[in-house]
Amino acid sequence: MEIVTYLNSIFWGWLVAGILLSCGIFYTLRLGFPQIRYFTKLIHNLQTASVNNKGVSAFGALCSAIGSEVGAGSLVGVATALASGGPGAIFWMWVTAILGMPIMFGEAVLAQLFRVKNADGTTYRGGPAYYISRGMNNKVLALLFSIAVIAGNGVVYCMIQSNSIVGSFSNVTTVPPLVLGSILVFLVGIVIFGGIKRLSTVASYIVPFMAFAYIILALIVLLTHIDFLWDMVTLIIDSAFGIQQAAGGVLGYSVQEAFRYGVARGLFSNDAGAGTTPSMHASANIRHPVNQGLSGMLGVFVTTIIVCSCTAFCILLSGQLGSGLTGIQLTQASFAASFGSLGYWIVAMAMFLFGYTTLLANMYYGEVNMRYIFKNNTQVVNVYRVFALCLILCGSVVPVVEMWELADLFGAFMVFFNVIGLFCLSKYVLFALKDYEKKRKNVPYPVWDYSADVVELYRKEKAEQNKNEK
């Protein structure tokens, strides 16, 4: 594990963060600041994006994507970032989210452009392995990415999520972890064996409820500490740039620690650049790829800017930071400071719902990439499903503290492989965006020709442009 920690100190010190932020700046500039231009249309887009009731709707895919993002990262990850990087880490989480929105836009659009149809004829699968393989014709890079996702999301993240869920109940119940883990395995199993359609349906019911309820509870904490709100925001910004340390800050966090943990946990919370959620966005049956790109940006905003900020504000306003607690225990203690013993139950139930939807998504991401590697072999996929369920049970009873280091390591590899594809295939994202904007001048809801090959469409467009220029 020492070698993993050493590699993470290199990868997450500046390397991964620099790559992600550079990719975010690149997409922001190349696409003309889509997170600003289309911000007011993100909600309305959900109402008009879907084609019909067949397959997975835009709203269902978004809820499934948010369900994968709003998990341990929003409760445990934020607490870990604060405990390890200080208040300044939250600022860098915000930066990661703002620059992550156009990255997620690009990932979602590419996932739509290069997806493939499932055997049922109504649902789709896709993601970085598919757009790297089909768009770049680079099967080696696609294979490496798939292996990283299966090992990271399909193995490590599953254990982390189940451990966080069961651990959140340790302060509120005496039910043995094995029993809680068994219940979790059953609840995950009845959904994951139903495929992406059932997963999106379940997420459509759970995600809006859990996000809304959590935000309301966080607002109650904010309102009861409204006099300290400005001081808290000032502390976050000052700590992000070392001003607090220069003025004699008492917690002693460095700017590098704030940057590292802010970006790392920001990525873990919204997955922008990691290449996992594109698999969910590929499943949506919508009018135009850009519609799902807009949904992807909304998912990042909701996950990090809203939900993660709620957790961070509750921890900072509670006075529990610096108590020696970290992870889910820090989050629970922070809510308990405002709601008493009920606070432990609030976080436990939130962790269950958040972690449950994330587990479903993590298994699906592993499944999509297993299908890529093994040519859609159903038997292999079923073996993977059973294996992943065993890991969930194992994670519920075995300490997985060091698993966070492995999660960061595999997350780094996913970023490395995926970002190569994002840079090389950005021309197709821009091509789809221009098509959307051009059609919007004539029709309110642009439609993309999914029956055509995007590579051929792009070549014809370029050939036409060169002809006109001559």
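Modeller: Buried means under 20% relative accessible area, exposed means over 50%, and partly exposed lies in between (1.4 Å probe, protein chains only). This is a predicted model, in which local features need pLDDT of at least 70 and side-chain atom pairs count only at pLDDT 80 or more, while totals for chains, interfaces and linings use all residues. Residues are numbered from 1 along each chain as its sequence is written, and side-chain values use heavy atoms, with hydrogens and water left out.

Biologist: Why is Arg459 called exposed?

Modeller: Arg459 has a relative accessible area of 51%, which is over 50%, so the residue counts as exposed. Glu456 has 36% and falls in between the two limits, so Glu456 is partly exposed.

Biologist: What makes Glu456 and Arg459 a salt bridge?

Modeller: A salt bridge is a side-chain nitrogen of Lys or Arg within 4 Å of a carboxyl oxygen of Asp or Glu. The N to O distance for Glu456 and Arg459 is 3.1 Å, so the pair qualifies. Both residues lie in helix α21 (residues 454-469), 3 residues apart, about one turn of the helix. Helices are DSSP runs (H or I, at least four residues), numbered from the N terminus.

Biologist: How do you know that Glu437 and Arg37 form a salt bridge?

Modeller: Their side chains come to 2.7 Å, N to O, which is within 4 Å, so the definition is met. This pair links distant parts of the chain, with Glu437 in helix α20 and Arg37 in helix α2 (residues 34-37), 400 residues apart. Glu437 is at 26% relative accessibility and therefore partly exposed. Arg37, at 38%, is partly exposed as well.

Biologist: How many salt bridges does the structure hold, and which residues form a network of them?

Modeller: The structure holds 5 salt bridges. Glu367, Arg371 and Arg385 are linked in a network. Within that group, the side chains of Arg371 and Glu367 meet at 3.3 Å, N to O. Arg371 and Glu367 both lie in helix α17 (residues 342-373), 4 residues apart. Both Arg371 and Glu367 are buried.

Biologist: Why is Asn8 called buried?

Modeller: The relative accessible area of Asn8 is 0%, which is under 20%, so Asn8 is buried. Asn8 is found in helix α1 (residues 2-30).

Biologist: What makes the pair of Asn8 and Leu409 a polar contact?

Modeller: A polar contact is a pair of N or O atoms within 3.5 Å; within protein, one must be able to donate a hydrogen and the other to accept it, and residues adjacent in sequence count only if both atoms are side-chain atoms. The backbone nitrogen of Leu409 lies 3.3 Å from a polar atom of the Asn8 side chain, so the distance is within the limit.

Biologist: What makes Ile3, Tyr6, Ile10 and Leu15 a nonpolar surface patch?

Modeller: Patches are made of residues with over 30% relative accessible area and no salt bridge; like charges are joined within 9 Å, and nonpolar side chains (Val, Leu, Ile, Met, Phe, Trp, Tyr) within 5 Å. Ile3, in helix α1, has 55%, which is over 30% and also over 50%, so Ile3 passes the area test and counts as exposed. The patch has an area of about 390 Å², computed by the Shrake-Rupley method with a 1.4 Å probe.

Biologist: Why is the patch with Lys434 called positive?

Modeller: Its members are Arg30, Lys427, Lys434 and Lys462. Lys and Arg count as positive, Asp and Glu as negative, and His and the chain ends are not counted, so the label follows. The place of a charge is taken as NZ of Lys, CZ of Arg, CG of Asp or CD of Glu. Lys434 sits in helix α20 (residues 426-440) and is exposed, because its relative accessibility is 51%.

Biologist: What makes the phi of Asn137 worth a remark?

Modeller: Most residues other than glycine have a negative phi. Asn137 has a positive phi of about 60° although it is not a glycine. Asn137 lies in the loop between α7 (128-135) and α8 (139-168) and is exposed at 61%. Lys375 also has a positive phi, of about 55°. Lys375 is found in the loop between α17 and α18 (378-397), and its 70% relative accessibility makes Lys375 exposed.

How values were computed: Helices (H or I, at least four residues) and strands (E, at least two) are DSSP runs, numbered from the N terminus.
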